[in-house]
Amino acid sequence: MSATLLHDDSSSMLSTILTEAAEPLYIVNPSRETISELVSTLQTVTDAPAVRMLADERALKDVMDDFLVASTAADLIEADQLSLRVLEAVPNHSIAVTPEAVHAIVEIDDAASGLGTDDDAFVEQAYDQYSTEWADAEVYSLRTPPLSRVQSTLESDIGSETAADFDSVLSSLTTARGDGDGLDEVTISLLVAARNGELLYDISKWGEDIGLASKATFSRTKTKLEDMGLIDTEKVPIDVGRPRLRLLLGDERLEDADADELATVAQSILAA
């Protein structure tokens, strides 16, 4: 038996597994917390192996509703560091499988443990089994664009100040879901666009072009934020066609807030 990987949190345990593993590494039936922690940890580990995650589809959907997790996962997928597939039959256990060891992932309160074995026969059997399951599994379709693409195109298509504000807002959040637990990516985009006086047409076209959300979603969210007093609009005449709308912040508290305070102030207004 190999030494048990006992850590104060799942991030440090996963970091140890990633550091010691050879490619590829299978993560099978991770909890929602482990999925999120793995995405966060994988981007920080130097020379990490390629990770093949076999997960429950409902768990993946729940976790990937958070833009912060999903956009980072999309970057990792694009870099061939992470692959996601759906378990056809969800087992009772959560494990990490490498060619050298099998670790049962156990989380109790804030502590995490990888209860491992390096028994050659058992490890070989487990690795062969999940290699086969992986080959037969359906690929999980992640529709969120990579965060790096969001950031780079926002700067090139809209402007560096808006892009910097977007990054500041994201850095101030622990989650970006838009369900009362953090602002979603469309709301964030509209708020930073309003902070910089950008046109609704420009920010919604950018968002649709990169796959962030449709123009209709941007329009509906704009109307909701306008109705709640977070943003305002003014008409801007153009040579041909209907006037376009310039986005403006609609509350003095937002106007007075620094970029890294924008999300907190906006959430407090929404909750009032």
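Here are some questions and answers about the predicted model shown above.

Reader: Happy to start with the basics: what kind of model is this, and how are its residues numbered?
Author: Welcome! This is a predicted model, in which local features need pLDDT of at least 70, side-chain atom pairs count only at pLDDT 80 or more, and totals for chains, interfaces and linings use all residues. Side-chain values use heavy atoms, with hydrogens and water left out, and residues are numbered from 1 along each chain as its sequence is written.

Reader: How many helices and strands does the protein have?
Author: Helices (H or I, at least four residues) and strands (E, at least two) are DSSP runs, numbered from the N terminus. The C-alpha atoms fill a box of roughly 75 × 35 × 30 Å along the principal axes. Within the protein, the secondary structure comes to 12 helices and 10 strands.

Reader: What percentage of the residues is buried?
Author: Buried means under 20% relative accessible area, exposed over 50%, and partly exposed in between, with a 1.4 Å probe and protein chains only. The protein has 272 residues, and the buried share of them is 48%.

Reader: Which residues does Thr72 touch, leaving out those up to four places away in sequence?
Author: Thr72 sits in helix H4, residues 67-78. With a relative accessible area of 11%, Thr72 is buried. Taking contact as heavy atoms within 4.5 Å, its partners are Val39, Gln43 and Leu147.

Reader: Which residue of helix H2 forms a salt bridge with Asp62?
Author: A salt bridge is a side-chain nitrogen of Lys or Arg within 4 Å of a carboxyl oxygen of Asp or Glu, and the structure holds 9 of them. In this one, the closest N and O atoms of Asp62 and its partner Arg32 are 2.9 Å apart. Asp62 lies in helix H3 (residues 57-64) and the partner in helix H2 (residues 32-42), so the pair ties together parts 30 residues apart in sequence. Asp62 is partly exposed at 23%, and partly exposed at 36% is Arg32.

Reader: How far apart are the closest N and O atoms of Arg58 and Asp62?
Author: Arg58 and Asp62 are 4 residues apart in helix H3, so about one helical turn separates them. Arg58 is partly exposed, with 45% relative accessibility. Their salt bridge has its closest N and O atoms at 3.1 Å.

Reader: Where in the chain are the two partners of the salt bridge between Glu234 and Arg246?
Author: The closest N and O atoms of this pair are 3.6 Å apart. The two residues are 12 apart and link distant parts of the chain, Glu234 being in strand S9 (residues 231-236) and Arg246 in strand S10 (residues 244-249). Both are partly exposed, Glu234 with a relative accessible area of 37% and Arg246 with 26%.

Reader: Which residues form the negative surface patch?
Author: Patch residues have over 30% relative accessible area and no salt bridge; like charges are joined within 9 Å, and nonpolar side chains (Val, Leu, Ile, Met, Phe, Trp, Tyr) within 5 Å. Asp and Glu count as negative, Lys and Arg as positive, while His and the chain ends are not counted. One member, Glu124, is found in helix H5, residues 120-136, and is exposed at 51%. The patch is formed by Asp118, Asp119, Asp120, Glu124 and Asp128.

Note on methods
Accessible areas come from the Shrake-Rupley method with a 1.4 Å probe; for residues, only the protein chains shown count as cover. The place of a charge is taken as NZ of Lys, CZ of Arg, CG of Asp or CD of Glu.
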